[in-house]
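Biologist: Thanks for sitting down with me over this one. Could we look at it together and talk it through?

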Amino acid sequence: MNLSDLIPRPEFLSEFKDWASILNMRVAVTGASGTLGRLLLERLSGVGVQASCFEGDITNRPQLQGWIASSRPQALFHLAAIVPLSVVEEDPIRAMQVN
């Protein structure tokens with residue numbers, strides 16, 4: 001069973017079908033360990049696209065710049081986010097920096 005089978009697609013989100021447009025691209029993903037990131041990686045992998053995933057602190061500019069410089073992405077999916085409302089309310093500045 002795929003993770004995408006467990007999470008229904010919201011009706012307002014159309015399904016991306018033009019996978020051929022990114023088949024030969026260097027793809028990078030932030031937030032790959034989150035729900036959306038895992039779904040995206042599953043779909044990318046299903047069509048043969050390998051992605052470079054940023055696993056550091058998205059607000060650590062030197063680390064982020066080093067990752068971008070080394071992976072040289074042609075497409076970047078920024079899915080890193082602080083989601084729980086209680087965490088956002090506890091530190092809204094941090095949430096804005098990440099999101």
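Biologist: Which element gives the largest share of the lining of the second largest pocket?
Modeller: Happy to start there, with the reminder that this is a predicted model. The second largest pocket holds about 320 Å³ of space, and the residues closest to its centre, out of 20 that line it, are Gly 31, Ala 32, Ser 33, Gly 34 and Ala 80. Two or more lining residues come from each of α2 (35-46), β2 (51-54) and α5 (92-98). The largest share, 3 residues, belongs to α2.

Biologist: By class, how many residues in the lining of that second largest pocket are nonpolar, polar and charged?
Modeller: Gly counts as polar and Ala as nonpolar in this scheme. By class, the lining of the second largest pocket then splits into 10 nonpolar, 7 polar and 3 charged residues.

Biologist: Let's turn to the strands. Which residue in β2 is the bridge partner of Ala 28?
Modeller: Strand β1 (residues 27-30) and β2 run parallel and are joined by 4 bridges. One of the partnerships sets Thr 30 against Phe 54. For Ala 28, the bridge partner in β2 is Ser 52.

Biologist: And what is the hand of the β-α-β crossover from β1 to β2?
Modeller: Since the two strands run parallel, we can follow the path between them. The chain leaves β1, passes through α2 and arrives at β2. This β-α-β crossover is right-handed.

Biologist: Which residue in β3 stands opposite Ala 28?
Modeller: β1 also pairs with β3, in the parallel sense and over 4 bridges. Val 27 and Val 29 point one way from β1, while Ala 28 and Thr 30 point the other way, and all are buried. Opposite Ala 28 in β3 stands Leu 76.

Biologist: Now the aromatic rings: is the pair of Phe 54 and Trp 67 stacked, edge-to-face or tilted?
Modeller: The count comes to 1 aromatic pair. The rings of Phe 54 and Trp 67 have centres 5.1 Å apart, and their planes make an angle of 50 degrees. Stacked needs planes under 30 degrees apart and edge-to-face needs over 60. The angle of 50 degrees fits neither, so the pair is tilted.

Biologist: How many residues apart along the chain are Phe 54 and Trp 67?
Modeller: Phe 54 counts as buried at 8% relative accessibility, and so does Trp 67 at 10%. The pair links distant parts of the chain, with Phe 54 in strand β2 and Trp 67 in helix α3. Along the chain they are 13 residues apart.

Biologist: Is Arg 72 buried or exposed?
Modeller: Arg 72 sits in the loop between α3 (61-71) and β3 (75-78). Its phi is near 45 degrees, a positive value in a residue other than glycine. The relative accessibility of Arg 72 is 52%, and the cut-off is over 50%, so Arg 72 counts as exposed.

Biologist: One more, please: what distance separates the C-alpha atoms of Met 25 and Gln 50?
Modeller: Met 25 lies in the loop between α1 (3-6) and β1. With a relative accessible area of 32%, Met 25 is partly exposed. Met 25 and Gln 50 are 25 residues apart along the chain, and their C-alpha atoms are separated by 8.9 Å.

How values were computed:
Residues are numbered from 1 along each chain as its sequence is written. This is a predicted model: local features need pLDDT of at least 70, side-chain atom pairs count only at pLDDT 80 or more; totals for chains, interfaces and linings use all residues. Side-chain values use heavy atoms; hydrogens and water are left out. Buried means under 20% relative accessible area, exposed over 50%, partly exposed in between (1.4 Å probe, protein chains only). On a 1 Å grid over the protein atoms alone, a cavity is a set of points where a 1.4 Å probe fits but cannot get out, and a pocket is an open set with protein on both sides within 12 Å along at least five of seven lines; lining residues have an atom within 4 Å of a point. Grid points are joined across faces, edges and corners, and a volume is the space filled by probe spheres set on the points. Rings of Phe, Tyr and Trp (its six-membered ring) pair if their centres lie within 6.5 Å; planes under 30 degrees apart count as stacked, over 60 as edge-to-face and the rest as tilted. Two strands pair if DSSP finds at least two bridges between them. A crossover is right-handed if, with the strands pointing away from the viewer, the path from the first strand over the helix to the second runs clockwise.
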